[in-house]
Amino acid sequence: MRLENLDLDDVVAPFTFSSTTTAATHVNRTLQPFAADCKTYDIVPYVAAIQACQIYALDATRNMRWVFTGGDDGFVRKYDFFASMGGKTLLTQNQKHAQVESVQKAGVIVSYWENEEQPLPPATPKPELKMSPVYSLAVQSEAVWLLTGMESGAINLFTVRHEEGKCHHVLRQHKSPVSVLKITQDETGCVSGSWDKTVLHWDLNTGQVVREFSGHSSQISSISFRPFTNTSSHMLMHSNDVLLTTSIDGNCFVWDKRAMNSIPRRMPPPERTPPWCLSACWSADGTKIYCGRRNGTVDEWDFVSGKCIRSFKMPSGSGPVSYVTSMPNGKHIVCASTDNIRLWNVADDSELSKSAVPFLIVPGHHGGTISQMLIDHDCRYMITTSGNRGWEGSSTETALFYEILPIT
């Protein structure tokens, strides 16, 4: 589906964000029963959304109705998550051969559009628009609008619910591909990371940069906001104030946005660890940080002391840990290596000693680099995508949709 080329007036026109439709500064995370205090989880894949390209980016609406992916072919794809999980479309017999037995359903794609580089105004006559790989992607919680990271360093803002796929504004300051995009919790801003080694905080009402976080010496690979537990309501929440950023050279920085011109807390790779990090995440309560490494390890850092506590070693031959995310019970993290995805028990050492194998294999993925993993706010579903995000590694060119069941 090819959308009409947009007018230059549309490219530079500001986009207004209504304060009445945005979320609160701190957004509660509601969980399915037993998800926060279970012993472990059963994570089973049911759907394969097969694409003929490496998948770089992934995001979904808060209620998981719509799932968006972007890859190296330059298209943004929109899937109906619940129609996919309901089995509206089944995989062909040939497609099933490459999947585990539980995966019988195909992803239901609703629409797609081109991720095109927009010309700088004025441009007369209007040049032919060039498609760009979707290096990163972030969608508003109700799919009103969506951001994509471009190869040129620009960030396109598309509408989704109305005039789907129309670019209304372009954010310009990065000089290289935008590898990470995260929307702030109040949905009036976003934080972007790029191959130009910079992290920028944008005001989406004005389209201007309000702050730049400088200090990384390599391409930015991940960004995440710190979660915390509300002591009165015991609910998991997310804050805009504390930011975790990682870069390809293995450095992890923690920034406090409340302190202007603050110096980040640095968490460099431990001794004898290769300088590499594609992904890092917070623990559910925000007290620990987990960093995936090239040598098949995940480092655990204490947020308060800033010290590396221990490392979890994947089995020999597993390959680099390309993605890591935490589960809400505080006892498990999900680690993606080239060979498999593992649900790793990160409980205290005394509890770990009772188990000969401290992890469970999550079925579905085998071979290829995992580019993204998304766990919904209720901890009912998980989505994984395969792609190298423009760096190195092979891809299965597939997004898998999982169901999560707490085991008490």
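1. Start with C335. Its sulfur lies 8.0 Å from the closest cysteine sulfur, that of C281, which is too far for a bond. C335 is also buried, with a relative accessibility of 0%. Bear in mind throughout that this is a predicted model.

2. The other cysteines fit the same search result. Zero disulfides turn up across the whole structure. C291 is in no disulfide, and its nearest cysteine sulfur belongs to C252, 3.2 Å away. The cut-off for a disulfide is 2.5 Å between sulfur atoms, so the C291 to C252 pair does not count. C291 is buried as well, at 0% relative accessible area.

3. Now the overall make-up. The protein has four helices and 32 strands. It holds 408 residues, and 57% of them count as buried. Its exposed surface comes to about 17100 Å², with carbon and sulfur atoms supplying 51%.

4. On contacts across the sequence: take those with a separation of 6 or more. Residues 24 or more positions apart account for 56% of these contacts.

5. One sheet deserves a look. It is open, has four strands, and follows the order 14-15-16-17 with antiparallel pairing. Its edges are strand 14, residues 178-183, and strand 17, residues 208-213; each of these pairs on one side only. From one strand to the next the twist averages 25°. As background, strands of a sheet pair through backbone hydrogen bonds, in parallel or antiparallel fashion.

6. Within that sheet, check strands 15 and 16. Strand 15 covers residues 189-194 and strand 16 covers residues 199-203. The two run antiparallel and are joined by five bridges. One pair to inspect is G193 with V199, its bridge partner in strand 16.

7. Which strand holds H201? H201 sits in strand 16. Is H201 buried or exposed? H201 counts as buried because its relative accessibility is 15%, and the limit for buried is under 20%.

8. The surroundings of H201 are worth displaying. Neighbours within four places in sequence are left aside here. The contacts of H201 then include C190 and V191, and strand 15 spans residues 189-194. Q208, V209, V210, R211 and F213 are also among the contacts of H201, and edge strand 17 runs over 208-213. T184 and K257 complete the list for H201.

9. To sum up for the cysteines: no disulfide is found anywhere in the model. C291 and C335 are each buried at 0%. For the sheet, the order 14-15-16-17 is the one to keep in view.

How values were computed:
Residues numbered from 1 in each chain as written. Predicted model: local features only at pLDDT ≥ 70, side-chain atom pairs only at ≥ 80, totals over all residues. Heavy atoms only, no water. Pairing = 2+ DSSP bridges. Axes fitted to C-alpha atoms, helices over the stretch in contact; angles between N-to-C directions. Buried < 20%, exposed > 50% of the residue type's maximum accessible area, 1.4 Å probe, protein only. Contact = heavy atoms within 4.5 Å. Areas by Shrake-Rupley, 256 points an atom, 1.4 Å probe, with all protein chains shown as cover.
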